[in-house]
Amino acid sequence: MGTAAARTVAARQSDLLSATLAFEDPSAFRVKSWGELLRALGIFRLCSFPVLVNNCGKLMSIARTLLGRRGFSLLLRPTVYAQFVAGENEREISQSMEKMSLLGLRPMLAVPIEEDLGESTGEKRYDDNMEAMLECVRMSHSNAWSKDPMMQLKITALLSPELCVKLTTIIAQQPYDLNLLVKAMDGEPISFPGLDESEVAHLLCGLQRLNKIAEASVNKVRVLVDAEYTYMNPALSLVTMAMMKKFNKDGAWIWNTYQCYLKESRSLLLEALRLSKSEGFCLGVKLVRGAYMDKERKLAEKEGRLDPIHQCWEDTNDSYNGSLDVMLKVISQKPECYRIIVATHNEESVRKAAKRMEELGIDKDGGSVCFGQLLGMCDHVSLTLAKEGYAVYKSVPYGSVDDTLPYLVRRAQENRTVLQGIRKERDLLRQELSRRLHRSLGGGT
């Protein structure tokens, strides 16, 4: 009888959780100003047109030519830029972050710097990028925007994509030992099989740049390393795991990203768990669905390879939710060794995570599990989660219009399915706007 009663209580709690996290309540937007509501509605309406999202890079280039640099900046700053970017300097960023903190949200600063093949710019540029990332560490740590600050990092801002691709090819045949990379980070003159003298020199410089960032951030700011394209991801993961081995002995300060739209994502996650156990380091995981689907598929077709992406949306969802469950189980057993950010705009995955946390007895804000969404999007999910006491981070790019524009264009094109599917958020914004209009009109009669 006691067991039946316990089951009834658990079922009621589960129903209550589902109702709380239905994300159907427009009151989540009551914290937004009239201007913010109207701006979001206008931008989301534009994002619902595939032709605009697919060609946003060309359209912005034309607008910049017609309006000039100053005119273009005046157009973008109060609109797209204000919706998705925190600001250009520390004063502007601080204003955005303080407002976010009042809403119970935490910033995860993202320096909008990355490179793809053919964009390499030399050691001086990579050193400048390192300085920008060290400044990001300083800002994240020195301002009281949130406890447990995080930031994002792209390795291709510090190491050439061409070398990452070559490394990926080499380690597929001849895996490198993590200790070799750790020694290189410490400044030892290491020889890497398969690389020529100039490539070894560049790799050593890149590893030492990453080492400086990790040294500056450990015990202060958690650094989440982004995944990129499959043709370079194995090299990025190798470097990230070496950083984990060196810096994650007493906590997860360096994290890796796992893209669940890839067929191999579960095996990569399981291998990372195995490696963290055998090498004795803590594992931080950023779990995403993935954003490079179109490019990955086209490239696989062009090169005559098997498509690395799951065949359908349902398979990707199963992959994401399965990997999520794997991580939540290990966290429930050893919360001091494992951490995860459930980085998704998918409401069902968010509900599954919350329900599983409750079943496994994982604290909402205990530090081991948090949620993440992009700045300017999915606020109905972020604000509801924060209101219910979960740790919620917003990915926050910052910089000038010129610096952030390429980043915003790439994110828009990568996330086009998300952008075109934000009908629910748009509807909730409309409901809140309608409520305010009725109240204003009613108050005036």
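**Parallel strand pairing, burial and internal space in the predicted model**

Strands β4 and β5 pair in the parallel sense over 5 bridges, where helices (H or I, at least four residues) and strands (E, at least two) are DSSP runs numbered from the N terminus, and two strands pair if DSSP finds at least two bridges between them. The structure is a predicted model, in which local features need pLDDT of at least 70 and side-chain atom pairs count only at pLDDT 80 or more, whereas totals for chains, interfaces and linings use all residues. Residues are numbered from 1 along each chain as its sequence is written, and side-chain values use heavy atoms, with hydrogens and water left out.

Within the pairing of β4 with β5, Y258 stands opposite L287 of β5. The two strands are also joined through a helix: β4, helix α11 (residues 265–279) and β5 make a right-handed β-α-β unit. A crossover is termed right-handed if, with the strands pointing away from the viewer, the path from the first strand over the helix to the second runs clockwise. Strand β5 further pairs with strand β6 (residues 338–343), again in the parallel sense and over 5 bridges; here K286 is placed opposite I341 of β6.

Strand β5 is mostly covered, with 6 of its 6 residues buried; buried denotes under 20% relative accessible area, exposed over 50%, and partly exposed the range in between (1.4 Å probe, protein chains only). L283, V285 and L287 point one way from β5, while G284, K286 and V288 point the other way, and all are buried. V288 belongs to β5, which spans residues 283–288. With a relative accessible area of 14%, V288 is therefore classed as buried. The C-alpha atoms of V288 and D226 are separated by 9.9 Å, although the two residues lie 62 residues apart along the chain.

Strand β3 (residues 222–225) is likewise covered on both faces: R222 and L224 on one side, and V223 and V225 on the other, are all buried. Strand β2 (residues 150–153) pairs with β3 in the parallel sense over 4 bridges, and L153 stands opposite V225 of β3. Toward β4 (residues 254–259), β3 is joined by 2 bridges, and these strands also run parallel. The bridge partner of V223 in β4 is I254. A right-handed β-α-β unit is made by β3, helix α10 (residues 233–247) and β4.

Positive phi values occur in residues other than glycine at two loop positions. For N219, phi is near 65°, and this residue is placed in the loop between α9 (197–217) and β3. The relative accessibility of N219 is 59%, so the residue counts as exposed. For C378, phi is near 60°, and its place is the loop between β7 (369–374) and α15 (379–387). C378 has a relative accessible area of 5% and is therefore buried. A further loop residue, V31, lies between α1 (2–20) and α2 (34–47). V31 is partly exposed, with a relative accessible area of 43%. The C-alpha atoms of V31 and L103 are 7.7 Å apart, with their positions 72 residues apart along the chain.

The count of disulfides, defined as pairs of cysteine sulfur atoms within 2.5 Å, is 0. C164 is in no disulfide, the nearest cysteine sulfur, that of C205, being 14 Å away. At 1% relative accessibility, C164 counts as buried. The sulfur of C312 lies 14 Å from the closest cysteine sulfur, in C260, which is too far for a bond. C312 counts as partly exposed, at 29% relative accessibility.

Internal space was examined on a 1 Å grid over the protein atoms alone, a cavity being a set of points where a 1.4 Å probe fits but cannot get out, and lining residues having an atom within 4 Å of a point. Grid points are joined across faces, edges and corners, and a volume is the space filled by probe spheres set on the points. The count comes to 1 cavity of 30 Å³ or more. The largest cavity holds about 40 Å³ of space and is lined by P107, L109, S140, W145, S146, P149 and M150. This lining divides into 5 nonpolar, 2 polar and no charged residues, where Ala, Val, Leu, Ile, Met, Phe, Trp, Tyr, Cys and Pro count as nonpolar, Asp, Glu, Lys and Arg as charged, and the others, Gly among them, as polar.

Notes: 1 Å grid on protein atoms, 1.4 Å probe; cavity = no way out; pocket = protein on both sides within 12 Å on 5 of 7 lines; lining within 4 Å.
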